Amino acid sequence: MNEQFIVETDGLEEGGKGFRFDVENGQGEKIPAFAVKFDYQYFAYLNKCGHIAVQLDYMPGQFFSDDGQTLVCSTHGAEYAPDTGACLGGPCYGIGLESLQINEKDGQLFLINDDFQIVEKKVVNEEG
Ligand code: FES
């Protein structure tokens, strides 16, 4: 199994800013992705809305609703469950986010999904 380091878990706040990175699939297609912390666990998804294939965050790294309970697409407000990626409401019409398999080890997150290679990581500006 190919473990690819994503980010230190310290860099992710509960219900707060997510960490953005790009992955490449087997066809050489570059796809944005992100990792978040929710309910003291970590989750990663392709950054692609179920409604239209755009990135969820208009302000880079801001994926959560104000109450920190759902992931929200900034374009038309589709809401997703942070722990499963399931569509909860809005115009995602039952199409959830595609999750990435990750593993937490010694305060670090790793992508363990062999279908994707990390090609870029993005530092999100604290002000943004
Ligand atoms: S593109 Fe995400 S809700 Fe429409």
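Strand 9 (residues 102–105) and strand 10 are paired antiparallel through four bridges. Strands here are DSSP runs (E, at least two residues), numbered from the N terminus, and two strands count as paired if DSSP finds at least two bridges between them. Lys105 has Gln108 in strand 10 as its bridge partner. Two residues lie between the strands of this hairpin, and Asp106 takes a positive phi near 50° there.

This is a predicted model, in which local features need pLDDT of at least 70 and side-chain atom pairs count only at pLDDT 80 or more, while totals for chains, interfaces and linings use all residues. Residues are numbered from 1 along each chain as its sequence is written.

The protein chain has zero helices and eleven strands; for a helix, a DSSP run of H or I with at least four residues would be needed. Two open sheets can be followed through the chain. One holds five strands in the order 8-4-3-2-11, with antiparallel pairing. At its edges are strand 8 (99–100) and strand 11 (117–122), each of which pairs on one side only. Inside this sheet, strand 2 and strand 3 run antiparallel and are joined by six bridges. Arg20 has Phe34 in strand 3 as its bridge partner.

The other sheet has three strands in the order 5-6-7, and its pairing is also antiparallel. Strand 5 and strand 7 (87–89) have a single partner strand each, so one side of each is without a neighbour in the sheet. Strand 5 pairs with strand 6 (residues 79–80) over two bridges, and Val72 stands opposite Glu79 in strand 6.

What lies between these strands and the interior? In soluble globular proteins, nonpolar side chains tend to be buried together. The largest nonpolar core of this model has 30 residues, and those with the most contacts inside it include Phe34, Val36, Tyr45 and Leu100. Such a core is a set of buried Ala, Val, Leu, Ile, Met, Phe, Trp, Tyr and Cys residues joined through C-beta atoms within 7 Å. Among the strands that supply at least two residues each are strand 2 (19–24), strand 4 (41–46) and strand 10 (108–111). Strand 3 gives the most, with five residues.

Tyr45 shows what such a position is in contact with. Leaving out residues up to four places away in sequence, Tyr45 touches Ala33, Phe34, Gly85, Leu97, Glu98, Ser99 and Leu100. Contact means that the C-beta atoms of two residues, placed from the backbone, lie within 7 Å.

Cys49 lies in a loop, between strand 4 and strand 5. Is Cys49 buried or exposed? Cys49 counts as buried because it has 24 C-beta neighbours inside 10 Å; the cut-off for buried is 20 or more other C-beta atoms within 10 Å, for exposed 12 or fewer, with partly exposed in between. With the same sequence neighbours left out, its contacts include Val54, Leu56, Cys73 and Cys92.

For the chain as a whole, buried residues make up 32% of the 128 residues. Of the contacts with a separation of 6 or more, 52% join residues 24 or more positions apart. The C-alpha atoms fill a box of roughly 35 × 30 × 25 Å along the principal axes. The radius of gyration is 13 Å, which agrees with the value near 14 Å for a compact globule of 128 residues; it is taken over C-alpha atoms, and the globule rule is 2.2 Å times the number of residues to the power 0.38.
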